[in-house]
Amino acid sequence: DDIVDAFVSPLPRWIGVLMNVRNKIVSLAGLKTGNNTHGIVRPDKCVPGNKLGFFIVYDRTDNEVILGENDKHLDFRVSLFLDTHQSNPSKKSIAVTTVVVFNNWMGHVYFFFVKPFHKRIVPAMLRKDFSRF
């Protein structure tokens, strides 16, 4: 819960601005705009089926949460995986993996424009302080 909370909230300001611009543009094409509000993730909220900001929780294990969204143009998933190092159990790593499945030509066009931002947004979200974990 703490890792998901740290990852999804608060978003860096510039990402929020980009998301607002994105939402205005894609709403014209009838795509989902999502809910850009973020707050503290409570343990009872980070369960499969619940919505966290613009993410739906698809799966959760002891060390991984899979978030994402489906839309008519594409489906995406984000895996947040917490790994404990065997040689030093007090040391942990966080791995983020994203997967995009295109549902039609509009998904390819959309992601062509989004991909350069995506490559900057995910690392920016990982620059937060995860040292408490």
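**View 1. Strands β2 and β3 in the predicted model.** In this predicted model, strand β2, which covers residues 55–60, runs antiparallel to β3, and the two are joined by 4 bridges. Two facing positions can be picked out here: Arg60 stands opposite Val65 in β3, and Asp59 stands opposite Ile66 in β3. The connection from β2 to β3 is a hairpin that passes through 3 residues. As background to this view, strands of a sheet pair through backbone hydrogen bonds, and the pairing may be either parallel or antiparallel.

**View 2. Strands β3 and β4.** Moving on to the next pair, β3 and β4 run antiparallel and are joined by 7 bridges. Leu67 stands opposite Val78 in β4, while Gly68 stands opposite Arg77 in β4, and these residues can be used to follow how the two strands face each other. Here too there is a hairpin, formed by β3 and β4 with 3 residues between them.

**View 3. Strands β4 and β5, with helix α3 across them.** The pairing of β4 with β5 is in the antiparallel sense and extends over 11 bridges. Val78, which stands opposite Leu67 in the preceding view, also stands opposite Thr98 in β5. Helix α3 lies across β4 and β5, and it runs at about 175° to β5.

**View 4. The whole sheet.** Taken together, the strands make an open sheet of 5 strands with antiparallel pairing, in the order β1-β2-β3-β4-β5. Which strands are found at the edges of this sheet? They are β1, residues 51–52, and β5, each of which pairs on one side only.

**View 5. The largest pocket.** The largest pocket of the model has a volume of about 910 Å³, and its lining is made up of 36 residues, of which Met19, Arg22, Tyr110, Val114 and Ile121 lie nearest the centre. At least two lining residues come from each of α2 (13–27), β3 (64–70), β4 (74–84), β5 (92–102) and α3 (105–126). Which element gives the largest share of this lining? It is α3, with 11 residues. When the lining residues of the largest pocket are sorted by class, 26 are nonpolar, 6 are polar and 4 are charged. In general terms, rolling a probe the size of a water molecule over the atoms shows where empty space is left.

**View 6. The second largest pocket.** The second largest pocket has a volume of about 220 Å³, and 15 residues line it, with Asp1, Ile3, Asp62, Val65 and Leu82 lying nearest its centre. Two or more residues of this lining are given by each of α1 (2–8), β3 and β4. Val65, one of the residues nearest the centre of this pocket, is also the residue in β3 that Arg60 stands opposite. How many residues of each class does the lining of the second largest pocket have? There are 8 nonpolar, 2 polar and 5 charged residues.

Notes:
Residues are numbered from 1 along each chain as its sequence is written. This is a predicted model: local features need pLDDT of at least 70, side-chain atom pairs count only at pLDDT 80 or more; totals for chains, interfaces and linings use all residues. Side-chain values use heavy atoms; hydrogens and water are left out. On a 1 Å grid over the protein atoms alone, a cavity is a set of points where a 1.4 Å probe fits but cannot get out, and a pocket is an open set with protein on both sides within 12 Å along at least five of seven lines; lining residues have an atom within 4 Å of a point. Grid points are joined across faces, edges and corners, and a volume is the space filled by probe spheres set on the points. Ala, Val, Leu, Ile, Met, Phe, Trp, Tyr, Cys and Pro count as nonpolar, Asp, Glu, Lys and Arg as charged, and the others, Gly among them, as polar. Two strands pair if DSSP finds at least two bridges between them. Contact means heavy atoms within 4.5 Å. Axes are lines fitted to C-alpha atoms, for helices over the stretch in contact, and angles run from 0 to 180 degrees between N-to-C directions.
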